[in-house]
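Q: Could you take me through one small part of this model up close, and then show me how its surroundings are put together? Plain talk is fine.

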Amino acid sequence: MLHDGLTSPHDSPHTSPHDGRPSPHHGSPHGALPALLGELARLAQLPLERGETLPARAYTSEDFHALEQDRIFGGDWICVGHVSQVAHPGDYLRVDDLGRPLVITRDEHGDLHALSRVCRHRFMDVLPPESTPDQGSLKRLTCPYHTWTYRLNGEFAGQLAGAPLMNKVEFDRAACRLPQYRLEVWHGLLMVTADPDAAPLAPQLSALEATVAPYRVEDLVVGFTARWDGVPANWKVAFENGSENYHHMGSHANSLERILPGKDTVVDECEGRGFSMYTPFAPDMEIPQGPDGMDLVGTLIPGLGMRQLSGMTVAGVFPNMAMAMMPDSVAFARWIPRGPGGHDAVFTILVPEEAKRRPGFDAYVEASRQQFEIIQAEDLVAIRGVQRGLATDPAPSAGRFSHLERPLWQFQRYLAERLAGAGAVAS
C-alpha cells in the first residue's frame, strides 16, 4: 500500500560518519525517507532500558506523514466514536479520522455500517459539514448536490435508492452503491479500517480485556465532547503526551499531580498494539469542585471493584486512541492528523446513563468541561513547545525513556512494524 513515488524502506539508508547510525538528516530528498525508516527500525530493536526518542523528522517530514496516512490511517483499525452515538435505527455519525469522508449508520434492522460519504455521481460529500450536523438521524443518505439517494437498510446499505432524471442515459442503478468499510465494535468503541484484508482487531487487544471490562464502556453514553481543532503539532507528539503520566509532575503540577501523582503510576508490561497503566488517587487529594464550590461527585459506574474505585486506569490502542477510566466516567481521546504539523484533538466523555437523569448533571458537565480545559491548556503548552523544538531539526535526544514512558517505547515498535516492516507486533 505504498504511495507512488515513495522509496522502499528496505533500501540502504545513509549513515552518519560519526557513529555509523542511519541518519535522516543526510542524503538527497529521495534518500531521506528510507534513512528515516532505517532509523525507526533500529530504535524498535532497542530494549526499554536503552530506548531513544524518535528522530525529529518523524514528526515533520511530509513523506513520513504520507506513509503514515497510507499504511496506518489508510490500512489499520482506527477508533472513530462510541456506539451510543449511533444507538437507534437511522442514526448516523460523520467521520473523517481515516483521512477520507465516511459515515457510520445504524440501519432499520439495528446493524451498523461504515460507508463512504462520496456520492458516486459527481463526488459530492453527501453529509457536508457546512449544512449538516456531525450526527443525527435520517432514513436515507441524500446527496444535496443532485439528490441522489442511498439506502441504509441491511445488505442494501449504501445501494442507490433514487437518482432523478437519469432515465434517458445508459445507467446501471443496481450496481451503484457507496463503498463499505469494515467495522468492529470493541467494548462499545467503533473501530473502522479501510483495508479489507486487515486482521480482526479484537484478538489483537486480548491483553487489555481484563483491564477494560470492569468499566463496561459499551453500556455508557456520551456525557459531552470537547475538541480542539488545528493544534499546531504532529499527532504523535500529542498521542505520546497522552500515553504517559511522567509529565504530571511538570505540566500538571498544580492540577492532575495533586490528584493522580505521576510517580505512583504502575505501567503494565503489555506487548502488541495496546498498553495500560494504573495511578492510585493521592491519599490527601482535593475533591474536585463544581462552579458553585460544592464537591463534585459523579454517578459511579456500576460494579467497579476497589482497585477501579481507588484510582485512574489508562488504556491505549495504537495508533491514536487512549482512554482515561475513572470511577464515574471514561474519557477516550483521539488525535487525528491534519498534515505533518497539525492535528485535531477530540475527547469524548462517557458516563453511566443514569447520570444524565440525576439532578445536578448539568453542573457536573460544566465542572468537567472546566477541568478538561485547564488540563488541555497545560498539555498544549508542552505539545506546541515540543513541536517548535522538533521544527529546528535538532540533534538526536541525549535522554532515555523513563520506565513510566514504556507506552512510547511500545509505540515505536508499532510504528516500525507498520511503516518499516521491522518485525511483527506481538499480540
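A: Let's start with one contact: the backbone nitrogen of L404 lies 3.0 Å from a polar atom of the side chain of S402. That fits the cut-off for a polar contact, a pair of N or O atoms within 3.5 Å; within protein, one must be able to donate a hydrogen and the other to accept it, and residues adjacent in sequence count only if both atoms are side-chain atoms.

Before going on, some ground rules. This is a predicted model, where local features need pLDDT of at least 70 and side-chain atom pairs count only at pLDDT 80 or more, while totals for chains, interfaces and linings use all residues. Residues are numbered from 1 along each chain as its sequence is written, and side-chain values use heavy atoms, with hydrogens and water left out.

Back to S402. You'll find S402 in the loop between α7 (361–391) and α8 (406–420); helices (H or I, at least four residues) and strands (E, at least two) are DSSP runs, numbered from the N terminus. Its relative accessibility is 13%, so S402 counts as buried; buried means under 20% relative accessible area, exposed over 50%, and partly exposed in between, with a 1.4 Å probe and protein chains only. Leaving out residues up to four places away in sequence, S402 touches L48 and Y246, where contact means heavy atoms within 4.5 Å.

Now the helix before the loop. The 31 residues of α7 should span 45 Å at 1.5 Å a residue, and the end C-alpha atoms are 43 Å apart, which agrees; the expected span is 1.5 Å times one less than the number of residues. Among the buried residues of α7 are F361, Y364, V365, S368, L380, I383, Q387 and L390. The cover over the buried residues of α7 includes β11 (221–231), α4 and β17 (343–351). Just after α7 comes D393, with a positive phi near 55°.

On the other side of the loop, α8 has 15 residues and reaches 21 Å from its first C-alpha to its last, close to the 21 Å expected. Twelve of those 15 residues are buried, so α8 is largely enclosed by the rest of the structure. The buried set includes W409, F411 and Y414. The charged end of R413 sits over the ring of W409, 4.9 Å from its centre; to count, NZ of Lys or CZ of Arg must be within 6 Å of the ring centre and within 35 degrees of the ring normal. G421, which follows α8, has a positive phi near 65°.

F411 and Y414 also belong to one aromatic cluster, along with F73, F224, W228, W235, F239, F275, F318, W335, F347 and F372. Rings of Phe, Tyr and Trp (its six-membered ring) pair if their centres lie within 6.5 Å; planes under 30 degrees apart count as stacked, over 60 as edge-to-face and the rest as tilted. The whole structure has 15 aromatic pairs. In one of them, F73 and W235 meet edge-to-face, 5.1 Å centre to centre with 85° between the planes. F73 is in helix α2 (residues 62–73) and W235 in helix α4 (residues 235–241), 162 residues apart. Both F73 and W235 are buried. F239 and F275 are edge-to-face too, at 6.5 Å and 70°. With F239 in helix α4 and F275 in strand β13 (residues 274–280), the pair ties together parts that are 36 residues apart in sequence.
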